[in-house]
Amino acid sequence: MELYRIDEKGLAEAMARLIAEYRVVAPVEKGPRHVFDDIQDWSEARPLAVGTVLPPKKFVFPQRETLLRFQLTGEAPQAEAVVDDTPVVLAGVHPCDITGLRCIDHTLAGRYFDEHYGARRMNAIILGFDCMPDGHCFCSSVGSLKVESGFDLFFTPLQVGGYAVRVGTQRGRKLLEDYFTAAAPAGVYEESLEEDFRKRKAAAIRLSIDAPVGDLPGIYQQAMRSKVWEKWAEVCFSCGSCNLVCPTCYCFDVQDRVSLDGAEGRRERVWDSCMLAEFAEVAGGHNFRPTPSARLIHRHNRKFNYQQDRYGEPHCTGCGRCARACLVHIDMVTIANELIAEQRGEAS
Amino acid sequence: MAAAAGSSIYLPESVTLLGVEQPTELEKVFRVKFDSGRPLGHGPGQFVQVSLFGIGEAPISICSSPCETDYFEMTVRNVGMLTNAMHKLTPGAKFGVRGPFGTTFPIDEMEGKDLILVAGGIGLPPLRSLILPVMGDRERFGKVYILFGAKSPKEILFREDLAAWGQAPNTTVLQTVDRGDETWGGNVGVVTTLFSQVQVDVPNTYVAIVGPPIMYKFVIMELAKLGVANEHVFMSLERRMKCGVGKCGHCQINNVCVCMDGPVFRYSEARHMTEAI
């Protein structure tokens with residue numbers, strides 16, 4: 001993979017050029033936290049900030065999105081698809097969130113290609129940035145500490161100042177040529193500085209899952225009736241905050257909205273949450289997942305078992321957002337480790 | 001460019017309502033055809049997403065035969081917002097349909113076998129999409145038992161079909177109701193009470209089951225007593241669905257999407273899914 005180096009000034013100049021032509025979003029300060037938001041000047045961006053409230057997923061899979069527009073006047077209703085392919089530059093996307101987008105691709109851009117997601121996704125330019133973990137991060141346990149793909153350009157901050165820049169796509173190469181004109185070819189020295197950054201990053205991660213990620217589907221499959229679920233379900237509010245902030249959650253509801261005069265409307269999709277009580281309820285009232293523990297088991301298995309089994313990689317990226325958001329301090333790592341300990345205890 | 005019109009897997013095709021019948025207080029049967037003239041091209045057990053703009057969408061099973069290409073039929077119980085709105089439609093109305101979606105009962109695999117086809121209540125319509133092609137090509141199959149249970153005589157669907165199927169050679173239709181009334185002289189009890197009358201060549205028997213969630217495990221117990229292989233048992237599962245194409249997550253059971261990997265499952269596979277039945 002091609003490697004370049006750019007200093008802070010060169011990066012700021014490149015971003016100014018991009019901002020002049022594109023919609024650019026990046027982590028910015030919002031109260032005590034950070035959020036991905038539009039920027040007008042690169043100085044607003046905090047590309048290394050960890051734990052944005054929501055992942056950048058919201059720009060390719062918005063919380064509320066129009067799928068269809070329809071007319072209700074005339075003999076028969078008329079509908080047309082709404083597909084938004086406006087380019088957007090997502091800057092400051094960390095390896096966990098790059099991995100999260102790939103996870104969503106498996107479903108939304110897999111069999112039955114979703115044109116609405118696909119158009120936004122293909123027109124999202126990803127400028128990845130490496131990061132230093134906070135106390136909730138555990139990317140090293142789920143294989144997303146480092147990404148080899150999923151970005152156009154990837155920036156690693158160097159201890160000597162500036163960034164190493166990896167080129168991930170043809171589009172990234174073109175961006176580098178056209179906008180990042182200060183970038184200079186780099187070599188083994190910068191590579192060693194990159195490696196050094198990742199070593200410090202790995203060393204700073206305080207949480208870890210006590211089993212290899214490949215073992216987790218089996219562990220979770222065996223743990224369907226574990227008492228661990230009941231224990232945590234007793235405190236879980238089924239509020240869905242964990243779903244809301246997750247970079248790999250994509251479940252949605254579909255709702256029709258009609259204008260006041262009844263003449264036209266929109267069919268929209270809105271984020272939904274498998275932790276909410278009515279998520280698996282059918283017309284007539286039967287609920288296939290009526291208890292908090294059933295919903296907790298489902299969500300956690302989606303991250304470490306079901307989707308991993310189906311698509312070959314865990315659907316938890318170790319970003320720590322669900323733990324940051326949880327009102328009662330439920331977190332993926334504690335539950336995983338309790339299940340692992342329970343099974344090891346039984347085995348010995 | 002922003003918000004451009006384009007193609008979408010969520011964009012329904014227009015259908016016209018050809019006719020409506022109301023066999024019971026809660027259910028209506030809708031006969032429709034695509035305005036484009038294309039046949040639905042469904043297999044037995046598949047479903048469509050019915051779309052009424054301004055109301056929403058819902059998954060609805062097809063109850064007509066795959067061999068019928070001029071139109072297709074859906075039996076709809078009035079239980080939700082969309083089905084309530086559907087019940088107000090009159091012939092000539094236009095609405096939207098996406099599909100067909102999902103897996104099918106393996107009618108070719110069933111060829112030459114004895115069949116036990118078990119339906120409970122509103123489970124009869126989806127099973128009808130299998131029964132009709134079986135009855136239409138009756139010699140291809142061995143003995144056929146159709147076991148149908150309804151809550152009460154008033155809720156029995158497709159009465160004429162049931163009577164006609166019972167007249168076919170080598171075919172037995174057994175019916176029961178949970179609660180009888182003054183008109184009812186038949187069996188009273190749950191559908192599993194009918195199994196004592198079933199006589200099949202067990203190793204060469206295939207089973208299809210469609211009914212309410214509670215019914216499956218009791219029917220499975222009867223089949224285990226008979227000794228029918230799990231690989232020969234097929235069941236259609238109901239779940240909440242918003243998309244029909246494996247995206248919205250609502251119908252997921254373990255690692256499968258009922259809309260895409262189902263709704264028809266082989267029991268030997270479904271039995272390993274912890275939430276299936």
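**Exercise 1. Classify B:Ile214 as buried or exposed, then place B:Ile214 in its surroundings.**

Step 1. B:Ile214 has a relative accessible area of 54%. The cut-off for exposed is over 50%. B:Ile214 is therefore exposed. The model is predicted.

Step 2. Locate the residue. B:Ile214 belongs to helix α4 of chain B, residues 213–226.

Step 3. Look at the partners. B:Ile214 forms a nonpolar surface patch with B:Phe218 and B:Met221. Together they have about 310 Å² of accessible area.

**Exercise 2. Decide whether B:Lys28 is buried or exposed, and find what B:Lys28 touches.**

Step 1. The relative accessible area of B:Lys28 is 15%. Buried means under 20%, so B:Lys28 counts as buried.

Step 2. B:Lys28 sits in strand β3 of chain B, residues 27–34.

Step 3. List the contacts, leaving aside residues up to four places away in sequence. B:Lys28 touches B:Val20, B:Glu21, B:Gln22 and B:Pro23, and also B:Met74, B:Thr75, B:Val76 and B:His87.

Step 4. Take B:His87 from that list. B:His87 is 59 residues from B:Lys28 along the chain, yet their C-alpha atoms are separated by 7.0 Å.

**Exercise 3. Work out the strand order of the open seven-stranded sheet in chain B, and find which helices pack on the sheet.**

Step 1. The order is β11-β10-β9-β8-β12-β13-β16, and the pairing is mixed.

Step 2. Find the edges. They are β11 (187–188) and β16 (264–266) of chain B. Each has a single partner strand, so one side of each lacks a neighbour in the sheet.

Step 3. Examine one pair inside the order. Strand β8 (residues 114–120) and strand β12 (residues 205–210) of chain B run parallel and are joined by six bridges. Across this pair, B:Leu115 stands opposite B:Tyr206 of β12(B).

Step 4. Add helix α2 of chain B, residues 124–136. Helix α2 packs on the sheet and touches β8, β9 (144–150), β10 (171–177) and β12 of chain B. The helix direction makes about 155° with that of β8(B).

Step 5. Add helix α3 of chain B, residues 159–167. Helix α3 also packs on the sheet, touching β9 and β10 of chain B. Its direction makes about 140° with that of β10(B).

**Exercise 4. Trace the antiparallel pairings of β4, β5, β11 and β12 in chain A.**

Step 1. Start with β4 (residues 64–71) and β12 (residues 264–271) of chain A. They pair in the antiparallel sense over seven bridges. A:Arg64 has A:Val270 in β12(A) as its bridge partner.

Step 2. Move to β5 of chain A, residues 78–83. Four bridges join β5(A) to β4(A), and the two run antiparallel. A:Arg69 is bridged to A:Glu80 in β5(A).

Step 3. Inspect the connection. β4(A) and β5(A) form a hairpin with six residues between them. In the turn, A:Gly74 has a positive phi of about 90°.

Step 4. Return to β12(A). Strand β11 of chain A (residues 252–258) runs antiparallel to β12(A), with seven bridges. A:Phe252 faces A:Trp271 of β12(A). This hairpin has five residues between its strands, and A:Gly262 takes a positive phi near 75°.

**Exercise 5. For three salt bridges in chain A, establish which parts of the chain each one joins.**

Step 1. Set the scale. The structure holds 43 salt bridges over all chains.

Step 2. Take A:Glu13 and A:Lys9. Their closest N and O atoms are 3.2 Å apart. Both lie in helix α1 of chain A (residues 8–21), four residues apart, which means a separation of about one helical turn. A:Glu13 is partly exposed at 32% relative accessibility, while A:Lys9 is exposed at 60%.

Step 3. Take A:Arg23 and A:Asp38, whose closest N and O atoms are 2.8 Å apart. The pair links strand β2 (residues 23–30) to strand β3 (residues 33–38) of chain A, 15 residues apart. A:Arg23 is partly exposed at 40%, and A:Asp38 is partly exposed at 30%.

Step 4. Take A:Asp84 and A:Arg120, with closest N and O atoms 3.6 Å apart. A:Asp84 lies in the loop between β5 and β6 (88–93) of chain A, and A:Arg120 in helix α3 (residues 115–122), so the pair ties together parts 36 residues apart in sequence. Both residues are buried.

Step 5. Extend the last pair. Salt bridges with shared partners join A:Glu65, A:Asp84, A:Asp114, A:Arg120 and A:Arg269 into one network.

How values were computed:
Residues numbered from 1 in each chain as written. Chains lettered and ligands numbered in written order. Predicted model: local features only at pLDDT ≥ 70, side-chain atom pairs only at ≥ 80, totals over all residues. Heavy atoms only, no water. Pairing = 2+ DSSP bridges. Contact = heavy atoms within 4.5 Å. Axes fitted to C-alpha atoms, helices over the stretch in contact; angles between N-to-C directions. Patch = residues over 30% accessible without salt bridge, like charges linked within 9 Å, V, L, I, M, F, W, Y side chains within 5 Å. Areas by Shrake-Rupley, 256 points an atom, 1.4 Å probe, with all protein chains shown as cover. Salt bridge = Lys/Arg side-chain N within 4 Å of Asp/Glu carboxyl O. Buried < 20%, exposed > 50% of the residue type's maximum accessible area, 1.4 Å probe, protein only.
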